[in-house]
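Please examine the sequence and the structure shown below. This briefing then sets out selected side-chain arrangements, grouped by topic.

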Amino acid sequence: LMSFFYGQLHSALRTVDRGAGLLGGAAHFYRCYTCKDGKEISVGAIEPQFYAELLQRADAPEHLREAQMNPANWDNYAEDLAALFVTKTQDEWCELLEGTDACFAPVVPLDHAKDHPHMKALPLHRGSTARPTRSATAPAMAKRWWRAGVRRARGARKGEFPMRDCTQFYIDGQWVDPVEENTVAVENPATEQTIGHISFGSAADVDKAVVAARRAFESFSQTSKEERLTLLRAIQAEIETRKEELATAVSDEMGAPLSLANGPHVGLLAGHCQKAIEVLEGFAFERLDGPTLHVWEPVGVVGMITPWNWPLNQIACKVFPALATGNTMVLKPSEIAPFNAYIFAEIMHAAGVPAGVFNLVNGDGPGVGEAISGHPDIDMVSFTGSTRAGIAIAKNAADTVKRVAQELALIAVKADVTE
């Protein structure tokens with residue numbers, strides 16, 4: 001993480017020879033296995049204890065169950081695992097894994113994928129995050145994963161969720177109504193119940209946010225490293241006070257089991273903030289190279305568009321490096337999982353982030369994403385999402401010659417290369 005954030009800080013700075021992107025990501029370990037019926041299943045998880053439960057349910061050999069298996073060392077047991085998965089059919093594995101915290105989904109062959117509904121509606125699909133490099137996931141089994149993982153984590157909550165009204169935007173240090181009213185319901189994917197509402201913004205809302213960010217940049221870009229370190233530490237302290245709320249929001253809106261929401265999801269937010277502090281402490285913004293003085297300065301106003309599947313991680317990977325290096329920003333979180341970003345904005349406000357430095361506008365790609373990527377007063381766009389949307393963002397940003405940094409999801413399917 002230290003080297004990762006060192007690169008992130010560089011990418012948020014304006015230099016002569018650097019064009020790297022401000023982006024974020026998390027390593028996932030998914031594997032495809034052939035089942036008894038010849039079909040394949042993709043299986044993955046995040047924490048070792050999830051694998052332990054999976055192997056116990058599958059009545060795996062004792063040496064596998066005692067291996068303290070971590071996602072990173074699954075390759076050490078490739079043959080054993082292949083032999084295990086071939087003992088059951090694809091449907092049997094799906095039934096077995098339901099109720100665990102493992103991610104799973106069947107593999108769709110190429111001859112069916114071209115007509116598969118998932119391949120036709122990627123931006124609208126909220127399926128499992130288990131998308132192996134050689135498969136596409138089926139929406140039916142993805143929903144099955146949502147229900148299984150969340151049902152087990154809920155326990156006594158029995159599907160009851162607080163209704164959230166988050167219809168305002170955070171612009172210039174205050175919560176404001178959208179220019180035009182456009183209220184949209186947010187659904188819990190585990191229950192398909194409405195759990196709250198947000199507003200979809202427009203280009204006019206983005207304009208207001210950019211004006212605030214541009215104005216704030218004039219002073220925030222001149223702050224010292226020590227001042228920004230103080231600000232990051234204040235944010236870190238506020239995160240500690242809101243961890244439970246953040247975890248609940250993530251679990252409710254995007255279906256993560258509470259164990260996963262409380263662990264990696266919220267943990268990554270806090271961890272990235274700490275690493276940003278550590279890297280900034282040792283970062284030299286001026287370096288003398290012989291007779292040449294190299295100076296790193298902020299890029300300017302950064303537009304940020306984040307996805308639903310690791311929402312806090314992606315927000316952290318974009319916001320903290322930008323903030324640490326003196327940039328201001330406009331964030332559009334996923335409209336599918338927006339409530340965690342709403343809490344994050346409250347954290348930024350409570351920590352004393354100056355007005356206009358951080359702005360949040362909710363909305364969809366056509367309404368807000370396009371306005372951000374094509375805005376003439378935004379100097380850089382950082383996007384994590386689908387390849388199709390990434391292409392559109394790059395084209396839209398070209399006219400204003402802004403920096404574009406993208407982390408794109410690419411779904412491939414099995415193919416017979418001899419054809």
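The points below concern nonpolar cores, aromatic rings, charged pairs and one leucine.

The structure is a predicted model. A search of the whole of it finds 9 salt bridges, and it also holds 8 aromatic pairs. The largest nonpolar core has 62 residues.

**Nonpolar cores**

- In soluble globular proteins, nonpolar side chains tend to be buried together.
- Within the largest nonpolar core, of 62 residues, those with the most contacts inside it are Ile235, Val319, Phe320, Leu323 and Phe358.
- Helix H12 supplies the largest share of this core, namely 9 residues.
- Another core, of 19 residues, lies apart from the largest one, and Ile171, Val210, Val330 and Ile372 are among its members.

**Aromatic pairs**

- Among the 8 aromatic pairs of the structure is that of tyrosine 170 and phenylalanine 358, whose ring centres are 6.3 Å apart.
- The planes of these two rings stand at 40°, and because angles from 30 to 60 degrees fall between stacked and edge-to-face, the pair counts as tilted.
- Tyrosine 170 belongs to strand S6 (residues 169–171) and phenylalanine 358 to strand S15 (residues 358–360), so their pairing ties together parts that are 188 residues apart in sequence.
- Tyrosine 170 has a relative accessible area of 2% and is therefore buried, the limit being under 20%.
- Phenylalanine 358, with a relative accessible area of 1%, is likewise buried.
- A second pair, formed by tryptophan 175 and tyrosine 342, is stacked, with 4.2 Å from centre to centre and 25° between the planes.
- Tryptophan 175 lies in strand S7 (residues 174–176), whereas tyrosine 342 lies in helix H14 (residues 339–350), so this pair ties together parts that are 167 residues apart in sequence.
- Tyrosine 342 is buried, at a relative accessible area of 10%, while tryptophan 175 counts as partly exposed at 26%.
- Ring pairs link these four residues into a cluster that also includes Phe320 and Phe344.
- Two members of this cluster, Phe320 and Phe358, are also listed among the residues with the most contacts inside the largest nonpolar core.

**A charge over two rings**

- The charged end of arginine 287 sits over the ring of phenylalanine 283, at 5.1 Å from the centre of that ring.
- Arginine 287 also lies over the face of tryptophan 296, where the distance to the ring centre is 4.5 Å.

**Salt bridges**

- Glutamate 281 and arginine 233 form a salt bridge in which the closest N and O atoms are 2.7 Å apart.
- Glutamate 281 is placed in helix H12 and arginine 233 in helix H10 (residues 225–241), so this salt bridge ties together parts that are 48 residues apart in sequence.
- Both partners are partly exposed: glutamate 281 has a relative accessibility of 41%, and arginine 233 has one of 36%.
- Lysine 275 forms a salt bridge with glutamate 278, with 3.1 Å between the closest N and O atoms.
- Lysine 275 and glutamate 278 both lie in helix H12, where they are 3 residues apart, which is about one turn of the helix.
- Lysine 275 has a relative accessible area of 22% and glutamate 278 a relative accessibility of 25%; each value lies between 20% and 50%, so each residue is partly exposed.
- In the salt bridge between glutamate 240 and lysine 243, the closest N and O atoms are 3.1 Å apart.
- Glutamate 240 counts as partly exposed at 46% relative accessibility, as does lysine 243 at 29%.
- Salt bridges also link Arg242, Glu245 and Glu346 in a network.

**Leucine 268**

- Leucine 268 lies in helix H12, which spans residues 258–281.
- With a relative accessible area of 22%, leucine 268 is partly exposed; a value under 20% would be needed for it to count as buried.
- Beyond its neighbours within four places in sequence, leucine 268 is in contact with Gly263, Trp310 and Asn313.
- Leucine 268 and leucine 312 are 44 residues apart in sequence, and their C-alpha atoms are 7.4 Å apart in space.

Definitions and conventions. Residues are numbered from 1 along each chain as its sequence is written. This is a predicted model: local features need pLDDT of at least 70, side-chain atom pairs count only at pLDDT 80 or more; totals for chains, interfaces and linings use all residues. Side-chain values use heavy atoms; hydrogens and water are left out. Helices (H or I, at least four residues) and strands (E, at least two) are DSSP runs, numbered from the N terminus. Buried means under 20% relative accessible area, exposed over 50%, partly exposed in between (1.4 Å probe, protein chains only). Contact means heavy atoms within 4.5 Å. Rings of Phe, Tyr and Trp (its six-membered ring) pair if their centres lie within 6.5 Å; planes under 30 degrees apart count as stacked, over 60 as edge-to-face and the rest as tilted. A charge sits over a ring if NZ of Lys or CZ of Arg is within 6 Å of the ring centre and within 35 degrees of the ring normal. A nonpolar core is a set of buried Ala, Val, Leu, Ile, Met, Phe, Trp, Tyr and Cys residues joined through side-chain atoms within 4.5 Å. A salt bridge is a side-chain nitrogen of Lys or Arg within 4 Å of a carboxyl oxygen of Asp or Glu.
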